[in-house]
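I opened a fresh page today to look at one protein with its nucleic acid partner. My notes follow in the order in which I looked things up.

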Amino acid sequence: MAMSVSQLLIGCGESSSAASHILLLRYLNRALDSIKHDITQIFANIFCSKTKFDSNVRTCGDEDPPPPSFEHLMATMDERYQLRARDWYSKQKDYDDKRDPYAVFNVLDTMLKDSLERLKTMRQSISLPDVGFQECTLEVNYAKHVHLIRDLCLLRKVGAALWLRRKMIHKCVVPDVFTHNYLVNGLCKTGDLERADWLIREMVEMGPSPNRATFNTFIKGYCLSDNVDKALYVFSVMVNSDIRPNRVTCNILVHALCKKGLLEEAWKLLGEILEEEKDKESPDLITSTILMDGHFKNGEMVQALSLWDEMVQKNIQIDVVAYNVLIHGFCLSRQMKLAYRYFCEMLKRGLLPDVFTYNTLINGLCKDGKFEEASYIHGVMARIGVTPDPISYKIIIQGLCIYGNVGRAHNFLVCMLQKSIVPEPHIWNVIIDCYGRLGDPDSAFSIRDQMLAFGVLPNVFTFNALVHAQVKGGNIAYAYSLKKEMLLSGLYPDVVTYNMLIGAACNLGHMRLALQLHDEMLRQGYEPDMITYTELIRGHCLRGNMEVAEELFAKIQKTGLPIDHVPFQLLIKKYCKIGKFDMAYDLYQKWITRDQRDYHLHWA
DNA sequence: CGATCATCTA
């Protein structure tokens, strides 16, 4: 007799129980509820957008009532969804009437896509054990367990996979080394290196013995969690265990060292490994690409380009990634002409530029403020069949905001929404921040409302941008109320939030409030930074509390925080203003000699 | 095993 799905899910070959059936039923019910929820919401939105759309086109939209099916759905919806749909409807109104219908469809597209994705995942997770259902007979076929373990690892459900492995071992069937490698990989990808370590130790003790792939995966895991020392240690264990490292091992480590900017170490390690191997005397394409990228990012053009020349001379088949690294290198050093030259060269060689290539070029152009050209490339890539991704948009939007061209940045945001790409918080934040910076808090808040309408949750940066907008506009009371709103959204103010509020209080001479905020900040466990102290000094200077200002200044010298020019300038200016030129001169001398000392230390 | 971006406060 074949086993049931629930047995596979829960009992794994052991006798079925009523409890496991109930669990499976609950799981299926929850999945169905979730789908029902999505569909209800989609219809609710179709209903709203329809009336809205009609009223734009005709003079009176009230004439045709919604079809009965919509009415029925509206009636069956619970209050929460009605509220949400209504909120959304009214918020769209004051945004952009012309584009409204499109925005509505975009939301629907996004929701539909999202729902379909979720349906897909749910279906897969149900049919995954289902596969086993067909072939599992009383003679348990452990190959199916092995597949299940691998699939679970790829889905990042390592806990379940490990549990299944334990089950197999209890039945005296030990999964093979490949399956174990899947487990190690899953643990590394989820950042659980302790358990990966434990698993490998168990492999050494009980088998199957770890192989090269096991060690490569583990080393990569440590590199990903930014622990190169541990990665190198594992590498030494590997060598001592008589497992020969290969190219992949080498590239993983070289890459990790380059990422830390340790190019010399990378070369040294590479030399040692190549020495060991003996059969290959020079780095391959990937190693060269990694090193070239590292040199470019360190600003070492000569070394980077000599690697390129070497590749060309050795007639290595250079690929798109290597070209991308080279083009990026030229963009980094503001040599757009050369970047274009190699872009053309790769086309001539029959290599098709990908989204990385285009984004790299767009980024280079944006950094130079060449937005016409950047927009042009952005348009071209789509026509050539390389669809701009969220990063393409992020680059342009951010570039435009840095140059204060928020109107155009906003247009690109609208463009994204029209294409059903819902931007991550970062993009919204950049635009909100730019509006605030330009002294337009109303627009900043309207973007925030739109962000909410699209279901994107604001983060600390969003709130800080809004606080900044209010502080800049002189609306201190609103700025303070934002701190409360933040807490209500489950977010905590950070040092930047406090600094802005303290700064605002100081500028108004409200030193008591400023100190109160300073204390609150300490209670929340935040260390004041140079900006906090500078703001407080500014406030005390403003109020003429020079002794307190001086005390604070002495205090920051003791903290060991690097002091920049701002506190010096503040105090010197104030001393001049009140006629204490000797004090001003004294401080000036201190400042100058300190900088000279630092200058010498820096070049020593 | 390699490549694009990477926010805010004086």
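**Entry 1: the chain as a whole**

I started with a reminder to myself that this is a predicted model. I then looked at how chain A is organised, and 60% of its contacts with a separation of 6 or more link residues 24 or more positions apart. For secondary structure I found 31 helices and 0 strands in chain A. I checked burial next: of the 604 residues in chain A, 44% count as buried. The exposed area of chain A came out at about 33,400 Å², with carbon and sulfur atoms supplying 57% of it.

**Entry 2: the surface near DNA strand B**

Which residues are closest to DNA strand B? I found 44 residues surrounding DNA strand B, and the closest are Asn251, Asn324, Lys394, Gln398 and Glu535. On the strand's side, sugar and phosphate make up 43% of the atoms of DNA strand B that come within 4 Å of the protein.

I sorted the surface near DNA strand B by class and got 16 nonpolar, 16 polar and 12 charged residues. Helix H14, residues 285-297, gives the most to this surface, with 6 residues.

Then I looked up some polar distances. An N or O atom in the side chain of Gln398 is 2.4 Å from a phosphate oxygen of DNA strand B. For Lys367, I noted 3.5 Å from a side-chain N or O atom to a phosphate oxygen of DNA strand B. Asp564 goes to a base instead: a side-chain N or O atom is 2.6 Å from a base nitrogen of DNA strand B.

**Entry 3: helix H28**

I came here by way of Glu535, which is one of the residues closest to DNA strand B and also one of the buried residues in H28. Helix H28 covers residues 530-543, and its 14 residues reach 20 Å from first C-alpha to last, close to the 20 Å expected at 1.5 Å a residue.

How many residues of H28 are buried? I counted 10 of the 14, so H28 is largely enclosed by the rest of the structure. Among them are Met530, Tyr533, Leu536, Ile537 and Cys541. The cover over the buried residues includes helices H26 (495-507), H27 (511-523), H29 (546-559) and H30 (565-577).

I checked both ends too. Asp529 caps the N-terminal end of H28, with a side-chain oxygen 3.1 Å from the backbone nitrogen of Ile531. After H28 comes Gly544, with a positive phi near 80°.

**Entry 4: helix H10 and Asn181**

Helix H10, residues 212-224, has 13 residues and spans 18 Å from its first C-alpha to its last, close to the 18 Å expected at 1.5 Å a residue. Its buried residues include Thr214, Phe215, Phe218, Ile219 and Tyr222. Helices H8 (177-189), H9 (193-206), H11 (228-240) and H12 (247-259) are among what covers them.

At the start of H10, a side-chain oxygen of Asn211 comes within 3.1 Å of the backbone nitrogen of Ala213. Just after H10, I noted a positive phi of about 60° for Asp226.

Asn211 led me to Asn181, since I saw their side chains joined by a polar contact of 3.3 Å. Asn181 sits in helix H8. Is Asn181 buried or exposed? Its relative accessibility is 9%, so Asn181 counts as buried. Leaving out residues up to four places away in sequence, Asn181 touches Met203, Asn211, Ala213 and Thr214.

Methods: Residues numbered from 1 in each chain as written. Chains lettered and ligands numbered in written order. Predicted model: local features only at pLDDT ≥ 70, side-chain atom pairs only at ≥ 80, totals over all residues. Heavy atoms only, no water. Helix = DSSP H or I, 4+ residues; strand = E, 2+ residues; numbered from the N terminus. Buried < 20%, exposed > 50% of the residue type's maximum accessible area, 1.4 Å probe, protein only. Contact = heavy atoms within 4.5 Å. Areas by Shrake-Rupley, 256 points an atom, 1.4 Å probe, with all protein chains shown as cover. Near = heavy atom within 4 Å. Polar contact = N/O pair within 3.5 Å; in protein donor to acceptor, adjacent residues only side chain to side chain. Nonpolar A, V, L, I, M, F, W, Y, C, P; charged D, E, K, R; others polar. Expected span 1.5 Å × (residues − 1).
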